[in-house]
Amino acid sequence: MNDIFCFRILLSICSFIFLFGSTDVYAKTESIPEALNGRVDLSSIHHFGDKISLEGQWELYRKKLLTPEQITKTMDVSEYVFMPEVWRTEHKGAQLTPKMEYGTYRLNLKLSQDEVDQHRAIYISDFASAYKVWIDGKMLGGSGTVGQTIREEVPESKVKLFYFIPKRQDVEIVIQASNFSSRNEGTFKSVMYGDEDSLLAYTIKSQLLQVLTMGGLFVIGLYHLILFMMKKRDGATLYIALLAIDIGIRCWIKNTYLVDIIAPSLSWEMVVKFDYLTGYLAYLFIVMLMKQMFPAEMNQFAVLASNVMTVLFCLYIVVSPANVYTQTLTVQFAIMLMFSIYTIGYVCILAANRKREGSLINLIGYAIIAVACVNDVLLYQRVIETVELLYEAIFIFVLLQAIIVSYRYSKLFEHNVSLSSDLLQLNETLEHKIAERTADIHRKNEELATMHQSRTEMLANISHDMGSPLTGIQMNIQLMKDGIVNPQQLPEFVQSLFDKANYVKRLNDDLFELSTLESGHFSFQCRRVQLKTFMEEVCRKYQVDLASQHIQFQVERMESLLEGQEAWLNIEPMRIKQVLENYIGNAVKFGRDISSTIVLGCYIECNRDSDAVTPYEVVIEVKDRGPGVAEEDLPYVFDRFYRKTEEVVSGSGLGLAIVKEIIERHEGHVSVTSKIDEGSTFSFSLPVYLKE
């Protein structure tokens, strides 16, 4: 019997491997660069070994089904929308913009010369509920029939690859789409472009992993069905079998390739009905399983009411078209959630409190399902960007039930009570270690992913910021080498080379300083400084410096008293002066042609942070009347390489990031407030002390 039990555990572990391996298939592919104003430049990518996500701003012709020729002829100005997107009704001011039911998307690709005459493809996995595709004016097909009314539309949901050979570097993609029938509006997954072999392998891998998952579910279901036939008194094995088979069927229904192979005549409407029916039946089987496993904790009336509700919802789905019952899914799911809180959640908690066998594992399984439901709701509302988890959660729940029942069967054949106790203790210890190791692996994977993303972004920014001056240096040297530069122009070329080299050096110095500060290896030489003395020195310096630049320097507010005494700072003065130099330098640079006035302020207030080192802090602020910063950009102004201005302004984009590091190392905070065309106020706070 021990061999049989070990075989079941091994089967469960293999199924877990297949399941979690499949989640990589749906991982979001990083897109570099991103589409902007209906165009994406891929000319810098010369060899495609994988796929590229065509995310970003696509052209959209709302409420119009246009061919490429019609788009070329039309004089209407298109709007730009971010793809992937979900069609929703939006409030714009006091008006309500109606939901888009059909439209035409357009994207222009700029490819490298190496891409011309190569076998390429685009991959579309999710575009509800019908679409048609053109590439370079040639119609390649689609899914379903696009229409301007529900009668004209023939819905269909299929994953498809469209093959083509680019004949020039500029490639045009046009997609007509309509949605009158499906609740899943628009698209949740981006269109992908790449080598046809890579995309084909990606498609095959996703189908293979789904087939393996389905196979694991059917094997589990068949195995427990045989167990039930051998011992019909145990209803738990029957409901585990029905639940596993039901989820396996639902996995098949969600896989359009397998549906076409096994049941090509099955309509889209029937596929959608089977999708939701199998979901409700899965809930019904789980409730009946809980009743079998914990009969003393389950209320019979609650079971009856839950089952009646489930049957009514199933009948509603059978007799109603998809575009009707899908509109009330939120209400249906809310009702099911309320029932499940008692029939599954409360029953598992009560059983765990009474120390029923398998109750804790059931509680964990229900918690996983609850988290997956919340994740999927937020995903479909576009609040978060993850992957669907409900199928995987139910799959895990099925595996947990199979483990519980398998353990119960193995225990029936155990005659030695002490040996059974040892085995149970060993299993609990093993589960605890697996949970700890799994949590540790997940935590380390998240840390590695965060570090990788940060490093990638930093390298991309460094490459971008150094690329332009280095290209200019190379071009000027080449012109001088070829003798094209006149002797009279030579001083200008030398000065240009000097300026660009200075920019690269300044960027390198700023990068070194920022990395030193972030690493924590740099130690500050802090000392006590009187606030009033420090601010008077700063004011004298900038009154002289700014006057020479014909800029008016004003002191709006200067407070230095703390509880009637002069306040003191514990700082490295040169570093704090560096912060003020950055603030005032930015104010001069960005507001030079708009306003000639800069205002400095200083005041003391209570520290709002309960964990602060002192109860009071000094706030030093620099105000300008420059162009201001847009509200949506304010959270990012202290990020590395942040630069967003209408004019070309020199700078490494690291100054404010260095400022933030310096102030935070002094136990302070940085902040900014700004309005477009009204100027900006950059400030920082530092702890203040009374003289000892």
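This presentation describes a predicted model of one protein, with most attention given to a single strand and the sheet around it.

Good morning, colleagues. Let me begin with the overall picture. The protein has 692 residues, and 46% of them count as buried. Its secondary structure comprises 16 helices and 22 strands. The exposed surface comes to about 37300 Å², with carbon and sulfur atoms supplying 58% of that area. Turning to contacts between residues at least 6 apart in sequence, 75% of these join residues at least 24 apart.

I now come to the sheet. It is an open sheet of five strands with mixed pairing, and the order is β15-β18-β19-β21-β20. The edges are taken by β15, residues 552-558, and by β20; each has a single partner strand, so one side of each lacks a neighbour in the sheet. On average, neighbouring strands here are turned by 15° against each other, direction ignored.

Within this sheet, consider β21, which covers residues 679-687. Is this strand enclosed by the structure or open to the outside? Nine of its nine residues are buried, so the rest of the structure largely encloses it. In a regular strand, side chains alternate between the two faces of the sheet. For β21, both faces are covered. On one side the buried residues are Gly 679, Thr 681, Ser 683, Ser 685 and Pro 687, while Ser 680, Phe 682, Phe 684 and Leu 686 are buried on the other.

Which strands pair with β21? One partner is β19, residues 616-624, which runs antiparallel to β21 and is joined to it by eight bridges. In that pairing, Val 622 stands opposite Phe 682. The other is β20, residues 669-675, also antiparallel to β21, with seven bridges. Here Ser 671 stands opposite Ser 683, and Ser 674 has Ser 680 as its bridge partner. The hairpin of β20 and β21 has three residues between the strands, and Asp 677 in this hairpin takes a positive phi near 65°.

Following β19 in the other direction leads to Arg 625, in the loop between β19 and α16. Arg 625 counts as partly exposed, at 45% relative accessibility. Its C-alpha atom is separated by 8.2 Å from that of Ser 596, although the two residues are 29 apart along the chain.

Let me turn to the helices. Helix α3, residues 196-230, packs against helix α4, residues 235-254, at an angle of about 155°, and the axes are 8 Å apart. That angle makes the two helices roughly antiparallel. The contact involves many residues, including Met 214, Leu 217 and Phe 218 of α3 and Leu 238, Ile 240 and Trp 252 of α4. The crossing of α3 past α4 is left-handed.

Finally, some details of the backbone. Met 83 and Pro 84 are joined by a cis peptide bond, with omega about 5°. Pro 84 is found in the loop between β4 and β5.

Two further residues have a positive phi although neither is a glycine: Asp 136, at about 50°, and Lys 355, at about 60°. Asp 136 lies in the loop between β9 and β10, and Lys 355 in the loop between α9 and α10. How exposed are they? Asp 136 is partly exposed, with 26% relative accessibility, whereas Lys 355 is exposed, with a relative accessible area of 74%.

Thank you for your attention.

Notes: Residues numbered from 1 in each chain as written. Predicted model: local features only at pLDDT ≥ 70, side-chain atom pairs only at ≥ 80, totals over all residues. Heavy atoms only, no water. Buried < 20%, exposed > 50% of the residue type's maximum accessible area, 1.4 Å probe, protein only. Helix = DSSP H or I, 4+ residues; strand = E, 2+ residues; numbered from the N terminus. Pairing = 2+ DSSP bridges. Contact = heavy atoms within 4.5 Å. Areas by Shrake-Rupley, 256 points an atom, 1.4 Å probe, with all protein chains shown as cover. Axes fitted to C-alpha atoms, helices over the stretch in contact; angles between N-to-C directions. Parallel < 35°, antiparallel > 145°, perpendicular 65-115°, else oblique. Left-handed = near helix turned anticlockwise from the far one by under 90°.
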